[in-house]
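User: Please take a close look at the annotated binding site in this model, and set it in the context of the fold around it.

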Amino acid sequence: MKITAIRFAKLEVPLKTPFKTAMRTVENITDLVVIVETDSGELGYGAAPATPVITGDTHGSMFYVIDKVIGPQILGRDIEDLNNICHIIQHAVVGNSSAKAALEIAMYDLWAKHYKAPLYKMLGGGDTHLRTDVTISVDHIDKMLDDATLALSRGFEILKIKIGTNIEKDIARVNAIYKELDKRATIRLDVNQGWTAKQTVYAIQKLEKMGVELELIEQPVKSNDIEGLRYISQRIVTPVMADESAFSPLQVIELIRTGAADIINIKLMKSAGLSQAIKIADLSELHNIPCMIGCMLEGSISVAAAAHLASAKTSSISLIDLDGPTLGQYDPVEGGVNFEHSHIELGQGPGLGIKTIKGLQELTWPF
Ligand SMILES: C[C@H](N)C(=O)N[C@H](CCC(=O)O)C(=O)O
Ligand SMILES: [Mg+2]
């Protein structure tokens with residue numbers, strides 16, 4: 001099965017409620033969809049959102065890099081040669097992790113379709129049912145309490161609370177939500193780089209003394225502050241998870257070597273796709289460091305790929321934050337992975353299992 005062409009489309013889904021972190025506020029899930037054509041007529045689907053404040057990628061940069069830089073180097077290649085294709089994708093250009101992820105996802109989709117198996121089986125096989133947490137956006141306490149209560153009523157058992165805008169307000173937010181939940185759900189925090197190392201130690205020690213039980217704290221400090229992460233890890237009991245500090249396998253090796261993080265958040269949009277995410281999961285497992293599989297604010301095409309990976313890598317991926325599709329008002333993708341509140345169900349269709357995608361807006365360059 002040879003690659004003959006690459007097409008692009010935009011896919012937008014309005015959110016149920018605005019998504020707010022310490023870094024940005026968004027009202028829609030907006031993915032760039034990559035459609036790879038082959039000489040057999042089979043199509044491969046990949047996608048990526050633009051998360052410029054985290055990865056630097058924009059829809060324009062992803063389109064250009066795939067269409068003009070990487071794409072020409074993989075046209076005509078046989079999908080049976082997957083490892084070589086991924087090597088080309090990874091080395092054709094530095095950076096551009098989300099562009100590479102979108103293209104790799106389409107390649108893995110085609111590869112599994114070629115062998116007529118669902119992707120998770122091609123990756124080694126695993127459970128078809130996963131459960132995700134849900135994100136509670138940072139906001140006024142009353143809105144966060146309402147969102148947390150709604151999440152409980154929808155059956156979520158783990159809430160990822162976004163904070164990082166103001167240290168004292170953040171402590172009050174977490175304390176209020178913890179009391180309201182009254183142990184009916186597990187709480188994980190995501191600061192999205194909003195605090196300093198000293199503020200983090202102060203806030204978490206204060207919450208620990210108040211009796212607030214936290215599963216973990218995610219990326220409290222700036223992405224390049226590895227020394228800050230290490231400082232925090234040595235002073236608090238709550239496990240520290242690296243997110244924006246952990247893009248590549250080499251960065252993860254450094255985080256583990258320096259003892260800067262207890263947990264690694266793997267996202268395909270940071271790792272530049274599945275080939276490198278697999279390396280991170282494997283090297284973390286070798287060092288007894290658990291991983292979370294996470295996502296950006298992204299839709300069900302790329303999150304399906306992350307779910308297939310999580311299914312096949314349960315020995316290292318023990319935490320799941322794949323709530324992107326359920327934050328949208330609807331899922332325009334039929335036949336792929338089913339996302340129903342906290343429940344994620346992998347199908348038995350080949351590849352990612354995608355049958356149709358409603359609302360695709362075809363894109364041509366320049367746009
Ligand atoms: C959507 C997911 N639960 C999440 O919270 N991801 C964020 C980044 C999302 C974005 O800004 O698009 C994270 O883990 O930091
Ligand atoms: Mg995060």
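Analyst: What follows starts with the annotated residues and then moves outward to the sheet and the domains.

The model is a predicted one, and the site itself comes from a database record: an unreviewed UniProt entry places the feature "binding site" at D190, E218 and D243. Although these residues span 54 residues in sequence, no two of their C-alpha atoms are more than 9.2 Å apart, so they gather at one spot.

D190 belongs to strand β7, which covers residues 186-190. With 26 other C-beta atoms within 10 Å, D190 is buried, the threshold for that label being 20 or more. Setting aside residues up to four places away in sequence, D190 touches K160, K162, E218 and Q219, and E218 is itself one of the annotated positions.

D243, by contrast with a strand position, is found in the loop between β9 (240-242) and α9 (249-257). D243 is also buried, with 25 other C-beta atoms within 10 Å. Once neighbours within four places in sequence are left aside, the contacts of D243 are E218, Q219, N265 and G294. E218 and Q219 therefore appear among the contacts of D190 and again among those of D243, which fits the finding that the annotated residues gather at one spot.

The chain is divided into domain 1, made of 3-116 + 358-363, and domain 2, which runs over 121-345. An open sheet of 3 strands has the order β4-β15-β14, with antiparallel pairing. Its edge strands, each paired on one side only, are β4 (129-131) and β14 (338-340), and the twist from one strand to the next averages 20°. Between β14 and β15 (residues 343-345) the antiparallel pairing extends over 3 bridges, and F339 has I344 in β15 as its bridge partner.

As for how the domains meet, their centres, taken over C-alpha atoms, are separated by 23 Å, and 40 residues of domain 1 are in contact with 36 residues of domain 2. On the side of domain 1 that touches domain 2, at least two residues each are supplied by β1 (3-20), β2 (25-38), β3 (43-49), α2 (82-91) and α3 (97-114), with α3 giving the most, at 10 residues. The residues on that side of domain 1 comprise 25 nonpolar, 9 polar and 6 charged.

Technical notes:
Residues are numbered from 1 along each chain as its sequence is written. Chains are lettered from A and ligands numbered from 1 in the order in which they are written. This is a predicted model: local features need pLDDT of at least 70, side-chain atom pairs count only at pLDDT 80 or more; totals for chains, interfaces and linings use all residues. Domain bounds come from an automatic or database domain assignment. Two residues are in contact if their C-beta atoms, placed from the backbone, lie within 7 Å. Helices (H or I, at least four residues) and strands (E, at least two) are DSSP runs, numbered from the N terminus. Ala, Val, Leu, Ile, Met, Phe, Trp, Tyr, Cys and Pro count as nonpolar, Asp, Glu, Lys and Arg as charged, and the others, Gly among them, as polar. Two strands pair if DSSP finds at least two bridges between them. Axes are lines fitted to C-alpha atoms, for helices over the stretch in contact, and angles run from 0 to 180 degrees between N-to-C directions. UniProt positions are given in the numbering used here, feature names are shortened, and annotations may be inferred rather than shown by experiment. A residue is buried if 20 or more other C-beta atoms lie within 10 Å of its own, exposed if 12 or fewer, and partly exposed in between; C-beta atoms are placed from the backbone.
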